[in-house]
Amino acid sequence: MKFENYMILEFPSRSSNESFARSAVACFASQLDPTLEELGDIRTAVSEAVTNCIVHAYPEEMGIITLRCRILKDSTLDIVIKDRGVGIADVEKARQPMYTTGGSERSGMGITIMENFMTSFEIQSEVGKGTSVHMRRKLQRKR
């Protein structure tokens, strides 16, 4: 699918970079003139994806997170967030609400939130090689 604009960011898996990633995507998405609700959903989904990289992909060390955003011709925001971390052994199990490997302080709702806030959601992972989350959000055209 052809795109109208794009950006690529790469940053370390520091918790302080979660808000940076969320804000950068929100600023980039502003080109599409999203509603506040759409923008909130996008920010939340990006926050969940980046937090998962920080907490689960690199539990013992600092790693790299790559974020790519594209604006597609049909007013769709296309987001890919990748890590090169430990990977997910069982993606289907990880997609279940309330499932977490992050300890009792984690809700296990990150993937569920991303799926519900975006128009489409895909996750691919390979143990020892990392995880890629691909999300799209079709935005409403204002009249």
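In the predicted model, tyrosine 6 is partly exposed, with a relative accessible area of 48%. This residue is found in strand S1. Tyr6 belongs to a nonpolar surface patch together with Phe3 and Ile8. The three residues share about 320 Å² of accessible area. Phenylalanine 3 is likewise partly exposed, at 38% relative accessible area. Both values lie between the 20% and 50% cut-offs, so neither ring residue counts as buried or exposed.

Two aromatic pairs were counted. One of them joins phenylalanine 3 and tyrosine 6. Their ring centres lie 5.5 Å apart, and the planes meet at 80 degrees. The geometry is edge-to-face. Phenylalanine 11 and phenylalanine 20 also pair, with centres 6.0 Å apart. Their planes stand at 90 degrees, so this pair is edge-to-face as well. The threshold for that class is over 60 degrees. Phenylalanine 11 is buried, with a relative accessible area of 4%. Phenylalanine 20, by contrast, is partly exposed at 41%.

Helix H1 spans residues 16-29 and has 14 residues. The distance from its first C-alpha to its last is 21 Å. This is close to the 20 Å expected at 1.5 Å a residue. Buried positions in H1 are Asn17, Glu18, Ala21, Ala24, Val25, Ala26, Phe28 and Ala29. Their cover includes three strands and a helix: S1 (3-12), S2 (64-72), S3 (76-83) and H2 (36-57). Strand S1, which holds Tyr6, is thus among the elements covering the buried residues of H1.

Conventions:
Residues numbered from 1 in each chain as written. Predicted model: local features only at pLDDT ≥ 70, side-chain atom pairs only at ≥ 80, totals over all residues. Heavy atoms only, no water. Helix = DSSP H or I, 4+ residues; strand = E, 2+ residues; numbered from the N terminus. Expected span 1.5 Å × (residues − 1). Buried < 20%, exposed > 50% of the residue type's maximum accessible area, 1.4 Å probe, protein only. Contact = heavy atoms within 4.5 Å. Patch = residues over 30% accessible without salt bridge, like charges linked within 9 Å, V, L, I, M, F, W, Y side chains within 5 Å. Areas by Shrake-Rupley, 256 points an atom, 1.4 Å probe, with all protein chains shown as cover. Salt bridge = Lys/Arg side-chain N within 4 Å of Asp/Glu carboxyl O. Phe/Tyr/Trp six-rings, centres within 6.5 Å; stacked < 30°, edge-to-face > 60°.
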